[in-house]
Amino acid sequence: MTDLIIENIDKLIIFGQTHVKTNSNDKIKNLEHLLISIYKQIIELPDKFDKQANIDCPKTDYDLIKKHVENNFEDFGYYNVVFNGIENLENPETVIADSIDDLTDIIRDLIEAKWYFENSSLNDAIWQIKFKFESHTRHHILGLLKYLHDLKR
């Protein structure tokens, strides 16, 4: 189960580590597929887990990852998001989101998750990826998927 997550993480984080030399449409289709697969795999991880180890992974370089993301997705940009889609339905608050930042943050979170899978116990790695997913990554994945959908119009 975790081997497939790590395999998909490796395929996705490459967009933040190097210039991927395929056409833009193929990159976007591949990105969308990987985001959906990783999302599904994370939510299917068992809920019975505990943070066992007391180790922290090394910090990643946001600016370097962002530079690679910008090179791989030159046409990505800003988009509107409803801040809270279930409140104030008559006059929802909108905010501006950044697809480059979304993908950069997703990649950073997944690099960290991979580090825990490689350097900690399985239970700790699952705890780390689920915690980060619930508190941060999920929001960016959903926003980026909506952005990718809107690009197709």
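This report walks through a predicted model, from its nonpolar core to its helices, a cavity and a loop.

## The nonpolar core

A good place to start is the largest nonpolar core, which has 40 residues. Within this core, L12, L31, L35, F76, I107 and L144 touch the most other members. Five helices each supply at least two residues of the core: α1 (2-13), α2 (24-43), α3 (62-72), α4 (99-119) and α5. The last of these, α5, covers residues 122-151.

F76 is worth a look in your viewer. Leaving out residues up to four places away in sequence, F76 touches I28, L31, S99, I100, L144, Y147, L148 and L151. Two of those partners, L31 and L144, are also listed with F76 among the core residues that touch the most other members.

## Helix α4

Helix α4 is 21 residues long and spans 30 Å from its first C-alpha to its last, close to the 30 Å expected at 1.5 Å a residue. Is α4 enclosed or open? Because 16 of its 21 residues are buried, α4 is largely enclosed by the rest of the structure. At its N-terminal end there is a cap: a side-chain oxygen of D98 lies 2.9 Å from the backbone nitrogen of I100.

I100 itself is found in α4. Its relative accessibility is 7%, so I100 counts as buried, the cut-off being under 20%. Beyond its neighbours up to four places away in sequence, I100 touches K66, V69, E70, F73 and F76. I100 and L144 sit 44 residues apart in sequence, and their C-alpha atoms are 8.9 Å apart in space.

## D109 and its partners

Further along the chain, D109 also lies in helix α4. With a relative accessibility of 7%, D109 counts as buried. What does its side chain contact? The side chain of D109 makes a polar contact with the side chain of H136, at 2.6 Å. Setting aside neighbours within four places in sequence, D109 is in contact with K132, H136 and T137.

## A cavity lined by α4 and α5

D109 turns up again in the next feature, as one of the residues lining the largest cavity. A search of the whole structure finds one cavity of 30 Å³ or more, and the largest cavity has a volume of about 30 Å³. Its lining is made up of I42, D109, L110, A113, I129, K132, F133 and T137.

Which helix gives the largest share of the lining? That is α5, with four residues. Both α4 and α5 supply at least two residues each.

## K130 in helix α5

K130 is placed in helix α5. Is this lysine buried or exposed? At 7% relative accessibility, K130 counts as buried. The side chain of K130 reaches the backbone oxygen of I42 at 3.4 Å. I42 is a residue you have already met, in the lining of the largest cavity.

## N8 and I13 in helix α1

Two residues of helix α1 give a view of what this helix meets. N8 is one of them, placed in α1, and at 7% relative accessibility it counts as buried. Apart from neighbours within four places in sequence, N8 is in contact with L34, S37, I38 and Q41. N8 and L110 are 102 residues apart in sequence, with 9.8 Å between their C-alpha atoms.

I13 is also placed in helix α1. With 4% relative accessibility, I13 counts as buried. Setting aside neighbours within four places in sequence, I13 is in contact with I107, L110, I111 and K114. The C-alpha atoms of I13 and E44 are separated by 21 Å, and the two residues are 31 apart along the chain.

## F83 in a loop

To finish, look at the loop between β1 (78-82) and β2 (94-98), where F83 is found. Is this phenylalanine buried or exposed? F83 has a relative accessibility of 57%, so it counts as exposed, the cut-off being over 50%.

F83 still has partners within the chain: it touches E93, T94 and V95, not counting residues up to four places away in sequence. F83 and I96 are 13 residues apart along the chain, and their C-alpha atoms are separated by 9.2 Å.

Note on methods
Residues are numbered from 1 along each chain as its sequence is written. This is a predicted model: local features need pLDDT of at least 70, side-chain atom pairs count only at pLDDT 80 or more; totals for chains, interfaces and linings use all residues. Side-chain values use heavy atoms; hydrogens and water are left out. Buried means under 20% relative accessible area, exposed over 50%, partly exposed in between (1.4 Å probe, protein chains only). A polar contact is a pair of N or O atoms within 3.5 Å; within protein, one must be able to donate a hydrogen and the other to accept it, and residues adjacent in sequence count only if both atoms are side-chain atoms. A nonpolar core is a set of buried Ala, Val, Leu, Ile, Met, Phe, Trp, Tyr and Cys residues joined through side-chain atoms within 4.5 Å. Contact means heavy atoms within 4.5 Å. The expected span of a helix is 1.5 Å times one less than its number of residues. On a 1 Å grid over the protein atoms alone, a cavity is a set of points where a 1.4 Å probe fits but cannot get out, and a pocket is an open set with protein on both sides within 12 Å along at least five of seven lines; lining residues have an atom within 4 Å of a point. Grid points are joined across faces, edges and corners, and a volume is the space filled by probe spheres set on the points.
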